[in-house]
Amino acid sequence: MIKNKEKNQRFFGPSIFPKSRKAQISEGLTWVAATIAIIIILLISVVITSTAFDLNDREIIPESFTATLNQKSLMSYLLTREPGGETVYSAIKKDENLNDFNGNLAVKVFKGLYEKEYSGIWVGVSDLGFNIIGGRIGNDFFARISLIGSEAYSTMIKFAQEKAVEAVFVK
Amino acid sequence: MKNHRIFLGKIGAEKTISVYWFAILIIVAGVIIYMVTFVYGKPYDIRGSESEILSGNIANCLSEGGYLKENTLTNPSFKQNFLKICKVNLKTPDFPETKGEYYIEVNFYDFNTGSKLNSSTSGGNINLKQYCGLEGKTNPVCSNKDFYVIDKSQKAYSINIISVVNKADKNVQ
């Protein structure tokens, strides 16, 4: 009759020492703990996925496309001729700020057409040598707007090395 | 008898572990499938972007380099054929049962007086326009955009482009 130890050795190959009952319980507990850990990790993943992706809001907001029309308005505004015959672009370049005519025209064009769509609009001359906030030169037609924490879009056309006419639209 | 029981127990343990791994594999695969379905199962609503792109293309067709394109207002065929002139195709072969899934309207206004000009034109399924301004996910998406433009003789206009995209079946579930 073959002894139990020999039988185990033959059947399980490298496992020379059969596990005691205590070791088997310990190993079983490890599996139980591992299973619980795996299930918890999976549940956390499912919860994160469910909260991170709001299925009720699967709309792609078109931000970059609206810019085309605002740019067109700015371009046409700068090409408009003042009563003296020069373009708004030339007048701004000369004065380095808005004058009575082009300032009022800017209000009529940009506030008139886009006030419903945007909460804040600013048009004027920007000094590109400064930082974003300090670079916008104040004028009598548009109040300064804060861009901190807001969703804003800006379009500009340069008229000097570090100067540009800029239109800022805040959502 | 005791030895025989231990021998069967070891085999049983290995079988149990195999079943255990199989169960874990099924659970992990199930969770992955659930999460992927959750994220990608419903379509993204891109109709807003589509209507904006349509408006942008129409605007590009009407204005170039800051000026209104020549003959846009004076050419009578522009009013009838503006979709063809602007190379806009509103056909929707994916929706054969509808009268069209798009509507585009272009309104020209005298910028100084605000009066609407006769050159205003439209194309597509006009029934979609009635849904503009209404709330509801399955309603068509409208884009109402304006821009300022001058012609070569310095006459100023404001152009209003309304583009409506329906295609609710493929964008909303």
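How many bridges join strand β2 (residues 152–160) of chain A to β3(A)? Select both strands: eight bridges join them, and the two run antiparallel. Keep in mind while looking that this is a predicted model.

**Whole chain**

Start with chain A coloured by secondary structure, which comes to five helices and three strands. Going from the N terminus, the elements read α-α-α-α-α-β-β-β. Colour next by burial: of the 171 residues of chain A, 22% count as buried. For a contact map, take the contacts with a separation of 6 or more; 48% of them in chain A are between residues 24 or more positions apart.

**The hairpin**

Return to β2(A) and β3(A), which form a hairpin with two residues between them. Two residue pairs can serve as landmarks here. Select A:M156 and find A:E166 opposite, in β3(A). Then select A:Y153, whose bridge partner in β3(A) is A:F169.

**The other side of β3(A)**

Keep A:F169 selected and add A:I121, since A:F169 is also the bridge partner of A:I121. Now show strand β1 (residues 120–127) of chain A together with strand β3 (residues 163–170) of chain A: they run antiparallel and are joined by eight bridges.

**The sheet**

Select the three strands together. They make an open sheet in the order β1-β3-β2 (chain A), with antiparallel pairing. β1 and β2 of chain A stand at the edges with a single partner strand each, so one side of each has no neighbour in the sheet. From one strand to the next, the twist averages 15°.

**The helix on the sheet**

Add α5(A), which packs on the sheet and touches β1 and β3 of chain A. The direction of α5(A) makes about 140° with that of β1(A).

Hide the strands and look at helix α5 (residues 100–114) of chain A alone. Its 15 residues, at 1.5 Å a residue, should span 21 Å, and the end C-alpha atoms are 21 Å apart, so the two values agree.

Which residues of α5(A) are buried? Select A:N102, A:L105, A:A106, A:V109, A:F110, A:L113 and A:Y114. These buried residues cover an arc of only 105° around the axis, which puts them on the same side of α5(A). The spacing along a helix accounts for such a pattern: an α-helix has 3.6 residues a turn, so residues three or four places apart point the same way.

Notes
Residues numbered from 1 in each chain as written. Chains lettered and ligands numbered in written order. Predicted model: local features only at pLDDT ≥ 70, side-chain atom pairs only at ≥ 80, totals over all residues. Pairing = 2+ DSSP bridges. Helix = DSSP H or I, 4+ residues; strand = E, 2+ residues; numbered from the N terminus. Buried ≥ 20, exposed ≤ 12 C-beta atoms within 10 Å, placed from the backbone. Contact = placed C-beta atoms within 7 Å. Expected span 1.5 Å × (residues − 1). Arc of directions from axis to C-beta. Axes fitted to C-alpha atoms, helices over the stretch in contact; angles between N-to-C directions.
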